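Visitor: Could you take me in for a close look at the aromatic rings in this one? I'd like to see how they sit against each other.

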Amino acid sequence: MGSNQEYILGVNQTELERLEFQHKVWKNVTDDFFRRINIQKGWKCLDVGAGPGFVSLELRILTGESGEVTALEPSEFYLDHLKAHCTKNNINNIKFIHGNLEDAAIENEYYDFIFLRWVIDFVPEPEKFLLKLLGILKKGGLIAIQDYAYEGIALFPKGGAFDNIAEAVKSYWKAGGGDPYFTVKLPSIFEKNNIELVEYKPVSLAGNKDSGVIEWAHRFFTVHLQLMADKKIISQMEADEFLDDWLRHRHEPDTMFFSPVVVDITGKKS
Ligand SMILES: C[S@@+](CC[C@H](N)C(=O)[O-])C[C@H]1O[C@@H](n2cnc3c(N)ncnc32)[C@H](O)[C@@H]1O
């Protein structure tokens with residue numbers, strides 16, 4: 001990363017598959033956000049921290065043949081996955097930038113639309129990161145951010161170790177230099193920088209044992225609780241207790257899971 005800090009969630013095949021499943025579960029939320037933004041044909045779009053490019057591929061359809069989508073991503077593994085998909089499917093209007101945003105040389109005021117999903121809460125200097133993005137956004141252009149305000153996560157019936165999960169996950173984000181509440185600071189940072197706040201909309205998903213959202217959480221916690229213990233962010237005993245409580249609930253008919261809040265934020269550069 002720009003600050004030499006390692007990206008906390010890591011890059012590997014299991015994480016790629018988790019991101020792909022995550023995209024399926026949250027796709028409607030992102031699609032609704034794009035509908036409200038009213039993305040136009042011909043726009044030049046930047047997908048920052050694109051991962052394997054699931055959103056870049058959606059943006060490409062919305063901006064059409066006359067548009068341009070750039071996927072910026074530091075992981076070569078994720079970018080190669082997207083490049084292979086584009087080659088296989090004859091997709092020619094996606095450009096690629098390999099590297100961290102902090103290090104990328106991008107023309108000032110180039111993009112009509114900049115999008116980031118689950119990126120800005122993870123970077124070590126998010127305000128500086130945002131200011132760079134505002135510089136490469138055209139006057140009149142839109143920046144749209146989807147990220148956590150890490151509140152609201154809950155597993156019902158309550159009463160077990162999982163009731164304290166939010167603190168553990170926030171510590172995980174912070175261990176990578178991230179800020180699980182950066183979205184909360186965005187309205188005032190926008191105001192300071194003459195960015196009009198067009199929308200600020202919190203969204204949460206909830207579901208029972210058969211829902212996509214509980215399976216999404218399952219794929220995160222069954223892998224990342226152990227990584228949190230390995231990185232000494234929580235103790236092995238805490239990881240085991242969280243996981244036991246989770247697994248006890250996972251297939252019960254009275255279980256309900258609530259995701260943490262994700263905020264859809266749009267700003268317009270005047
Ligand atoms: C949780 S993933 C989200 C991927 C994608 N945006 C999505 O919604 O499917 C976060 C991504 O941000 C990328 N990333 C981390 N630090 C970054 C940085 N400094 N500049 C640009 N991208 C970064 C990671 O490599 C990873 O692909």
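Guide: Sure, let's start with one ring. Tryptophan 26 has a relative accessibility of 1%, so it counts as buried (that label means under 20% relative accessible area, with exposed over 50% and partly exposed in between, using a 1.4 Å probe and protein chains only). Keep in mind that this is a predicted model, where local features need pLDDT of at least 70, side-chain atom pairs count only at pLDDT 80 or more, and totals for chains, interfaces and linings use all residues. Residues are numbered from 1 along each chain as its sequence is written, and side-chain values use heavy atoms, leaving out hydrogens and water.

Now for tryptophan 43 and phenylalanine 113, which form a tilted aromatic pair, 5.9 Å centre to centre with 35 degrees between the planes. Rings of Phe, Tyr and Trp (its six-membered ring) pair if their centres lie within 6.5 Å; planes under 30 degrees apart count as stacked, over 60 as edge-to-face and the rest as tilted. Tryptophan 43 is in the loop between α1 and β1 (44–48), while phenylalanine 113 is in strand β4 (residues 111–117), so the pair links parts of the chain 70 residues apart. Helices (H or I, at least four residues) and strands (E, at least two) are DSSP runs, numbered from the N terminus. Tryptophan 43 counts as buried at 17% relative accessibility, and phenylalanine 113 is buried too, at 0%.
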